[in-house]
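Colleague: I have a model open and want to learn how to read it. Can we take it feature by feature?

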Amino acid sequence: MQIQIEPASDIPIYTQLANQLIALIAKKELKPDDTLPSVRSLAADLGVNMHTVNKAYHELQQKGIISVIPKSGAVINPIPEKSTESSRDRMRETLHPLIAESIVYGITRDEILSLASSLISELTEE
């Protein structure tokens, strides 16, 4: 499992970690029922505070991506075969400001669609 933290980034470290774990799951490098490293172990490996890893795991748990089982650790939840209205609504809320910001920066509809298609290909290549 390769995770790259950029301490100088404007993106908080816990968000970088959560986003990279989500990407690893999307790429199927982490699979349902896989156990994530302990908070202590991952924090030591990445050279970050344990609270940072804990916050990332908590965020993933709130999103339903992992389950944290006391004294057992964090486990990847099964990926649903079909999206739900709730998950689509959540993605709409997340994407709306990003797409609006893209338009403000002068990125065209075709460029946004091309970028989205490229990212989907990157995350689903097998």
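Modeller: We will go through the core, a salt bridge, a buried polar residue and two backbone angles. Keep in mind that this is a predicted model.

Colleague: Start with the core. Which residues have the most contacts inside the largest nonpolar core?

Modeller: A nonpolar core is a set of buried nonpolar residues joined through side-chain atoms within 4.5 Å. Here the largest one has 19 residues. Those with the most contacts inside it are Leu17, Leu21, Leu30, Leu36, Val53, Tyr57 and Ile66. Helix 1, helix 2, helix 3 (50-62) and strand 2 each supply at least two of its residues. The largest share, 5 residues, comes from helix 1.

Colleague: Pick one core residue. What is Val53 in contact with, leaving aside neighbours within four places in sequence?

Modeller: Val53 contacts Leu17, Val39, Leu42, Ala43 and Val48.

Colleague: Now charges. How many salt bridges does the count come to?

Modeller: Side chains of opposite charge can pair when their charged atoms come close. The count here is 1 salt bridge. Glu59 pairs with Lys63, and their closest N and O atoms are 3.9 Å apart. The cut-off is 4 Å, so this pair qualifies.

Colleague: Is Glu59 buried or exposed?

Modeller: Buried means under 20% relative accessible area. Glu59 has 18%, so it counts as buried. Its partner Lys63 is partly exposed, at 35%.

Colleague: Next, a polar residue. Where does Asn77 sit?

Modeller: Asn77 is in the loop between strand 2 (73-76) and helix 4 (85-104). Its relative accessible area is 18%, so Asn77 is buried.

Colleague: What does the side chain of Asn77 reach?

Modeller: The Asn77 side chain reaches the backbone oxygen of Ile66 at 3.3 Å. Asn77 also touches Pro32, Gly64, Ile65 and Ser67, among residues further than four places away in sequence. Ile66 is on that contact list too, and Ile66 was named above for its contacts in the core.

Colleague: Last, backbone angles. Which value does phi of Asp33 take?

Modeller: Check the sign, then the residue type. Phi of Asp33 is near 75 degrees, a positive value in a residue other than glycine. Asp33 lies in the loop between helix 1 (13-26) and helix 2 (39-46). Asp33 has 60% relative accessibility, so it counts as exposed.

Colleague: And where is Lys71?

Modeller: Lys71 is in the loop between strand 1 (66-69) and strand 2. Lys71 has a positive phi of about 65 degrees, although it is not a glycine. With a relative accessible area of 91%, Lys71 is exposed.

Key. Residues numbered from 1 in each chain as written. Predicted model: local features only at pLDDT ≥ 70, side-chain atom pairs only at ≥ 80, totals over all residues. Heavy atoms only, no water. Helix = DSSP H or I, 4+ residues; strand = E, 2+ residues; numbered from the N terminus. Buried < 20%, exposed > 50% of the residue type's maximum accessible area, 1.4 Å probe, protein only. Polar contact = N/O pair within 3.5 Å; in protein donor to acceptor, adjacent residues only side chain to side chain. Contact = heavy atoms within 4.5 Å. Salt bridge = Lys/Arg side-chain N within 4 Å of Asp/Glu carboxyl O.
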